[in-house]
Amino acid sequence: MEFFTKTGMAREKRPFEMESAREGMDDGKRSRPALARVIVDAVKMDSVQTVCSSLEPLLRKVVGEEVERALANFAPPKVGFRSVPKRIQGPNQRNLQLQFRNKLALPLFTGSKVDGDQGTGIHVALLDADTGQIVSTGPEASAKLDIVVLEGDFATDDEENWSREEFENALVRERDGKRPLLTGELTVVLKNGIATLGDLTFTDNSSWIRSRKFRIGVRVADSVSEGLQIREAVTEAFTVKDHRGELYKKHYPPALNDEVWRLDKIGKDGAFHKRLNKAGLWSVEDFLRLVVMDPQRLRNILGNGMSNRMWDSTVEHAKTCILSGKLHVYYADDKQNIGVIFNNIFQLMGLIADGSYMSVDSLSESEKVYVDKLVKVAYENWESVMEYEGEALADVQAYPAKGMDTYTEGPINGLNGRTLYLQGADQKTYIYILT
């Protein structure tokens with residue numbers, strides 16, 4: 001991100017040399033149609049005095065602009081003028097800035113923890129503005145930071161060239177007689193140029209300020225800012241609502257144990273919610289399981305009031321749920337030689353045959369026909385399905401792996417035995433060594 005715009009010195013021109021004026025008009029950087037019109041009008045009047053009086057105001061403006069540009073390049077900013085962004089000047093004169101690495105989880109409510117999107121922490125990094133790389137060394141990479149609240153209309157239109165004074169003037173403090181607006185861990189220390197914000201909570205809504213929105217800002221602490229310049233980090237603008245609204249808020253993504261009305265298009269205590277509860281569907285996990293096992297039955301439960309568009313929206317929202325590590329296995333015989341594996345929403349993952357694992361994609365057409373029949377039997381006899389916590393499956397051990405999704409037999413990295421690759425709740429793939 002650029003913080004300076006270099007401007008060159010203007011080439012001096014003689015006001016009465018028409019040829020020079022024409023050259024200036026050809027030059028895209030110095031083309032001034034207004035100046036040309038004045039000259040043409042003045043020449044038509046055939047009066048040197050008129051030309052001088054006509055050109056004087058415009059020439060003063062042009063000269064003034066060029067002088068200001070030249071001074072901006074060679075002189076420090078004067079008091080009262082907009083200063084350059086706050087940044088650390090490192091040993092190599094690098095332009096450094098703080099930056100939020102992820103967005104906030106919205107909406108926000110008073111009394112609730114401020115999280116990053118997808119329920120993650122809020123991360124801040126110190127960057128070299130010229131290269132975009134994280135600055136992980138040097139004293140600036142371990143600076144102490146303050147977390148503050150700003151007006152929502154600060155730095156609008158992606159304007160990032162603010163001064164320190166402008167940043168300070170945008171700070172928002174609590175209303176008279178109220179608790180501090182933002183509570184929790186209001187300071188954090190960079191470690192190798194990166195920091196994760198701690199617990200933060202708003203105690204008041206944002207309806208009372210001019211913009212009706214807040215931003216969170218991070219700046220270098222005053223105790224260490226002397227001699228350092230750093231551009232502050234600022235989040236997007238957001239609304240903070242009273243916690244009463246949280247009682248009806250949707251979760252993005254939803255959790256498996258969330259009540260089913262947390263899904264899009266299903267209102268709390270509304271018609272869809274009551275129909276689902278009457279059918280024994282109480283949680284998001286219950287909803288997803290029926291989506292997998294019998295989607296037509298689920299649509300019949302919801303009734304004609306749910307349009308195709310609403311159905312798609314609800315199902316898509318439900319499918320963003322992060323699955324747990326539970327696994328379900330249905331064996332076709334008592335010897336447990338052949339079985340089908342499901343995840344915790346009863347979605348088919350693959351087939352176990354004589355201790356070997358085969359993913360759905362690797363099955364032949366005849367094997368797929370057999371597996372489909374076995375899946376239907378499993379759904380009809382779900383009480384016979386065995387549940388495991390992943391690592392307990394068939395007395396196996398789990399090892400994290402990357403980029404592996406097929407069965408392989410033999411030693412791997414010194415591990416002997418058959419291996420089973422399954423997707424974990426953290427979206428990582430794990431190797432299961434069957435002993």
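**Salt bridges across a predicted chain**

Searching the whole structure turns up eight salt bridges. Keep in mind as you look around that this is a predicted model. Let's visit three of these pairs in turn.

Start with D199, whose salt-bridge partner is K113; their closest N and O atoms are 3.3 Å apart. Where do the two residues of this pair sit along the chain? D199 is in the loop between strand 7 (194-196) and strand 8 (200-202), while K113 is in the loop between strand 2 (108-109) and strand 3 (123-128). The pair therefore links distant parts of the chain, 86 residues apart. Is D199 buried, exposed or partly exposed? With a relative accessible area of 42%, D199 is partly exposed. K113 is partly exposed as well, at 46%.

Now find R210, whose side chain meets that of D153 in a salt bridge, with 2.9 Å from N to O. R210 belongs to the loop between strand 8 and strand 9 (214-220), and D153 to the loop between strand 4 (144-151) and helix 4 (164-169), so this pair ties together parts that are 57 residues apart in sequence. R210 has a relative accessibility of 63% and counts as exposed because the cut-off for that word is over 50%. D153, at 32%, is partly exposed.

The third pair to look for is K326 with E387, a salt bridge in which the closest N and O atoms are 3.6 Å apart. K326 lies in the loop between helix 9 (308-319) and strand 12 (327-331), whereas E387 is in strand 16 (residues 386-388), so parts of the chain 61 residues apart in sequence are tied together here. K326 is partly exposed, with a relative accessible area of 29%, and E387 is partly exposed too, at 47%.

Which residues are joined into one network by salt bridges that share partners? They are K113, D115 and D199, so you can return to the D199 and K113 pair and look for D115 as well.

Finally, a word on confidence. The pLDDT averages 75 over the chain, and 65% of the residues score at least 70. Residues 1-32 have a pLDDT below 50, and this stretch has 37 contacts in the model beyond near neighbours in sequence. Over residues 70-92 the pLDDT also stays under 50, and there the model has 44 contacts beyond four places in sequence.

Terms used. Residues are numbered from 1 along each chain as its sequence is written. This is a predicted model: local features need pLDDT of at least 70, side-chain atom pairs count only at pLDDT 80 or more; totals for chains, interfaces and linings use all residues. Side-chain values use heavy atoms; hydrogens and water are left out. A salt bridge is a side-chain nitrogen of Lys or Arg within 4 Å of a carboxyl oxygen of Asp or Glu. Helices (H or I, at least four residues) and strands (E, at least two) are DSSP runs, numbered from the N terminus. Buried means under 20% relative accessible area, exposed over 50%, partly exposed in between (1.4 Å probe, protein chains only). pLDDT is the predictor's confidence in each residue, from 0 to 100. Contact means heavy atoms within 4.5 Å.
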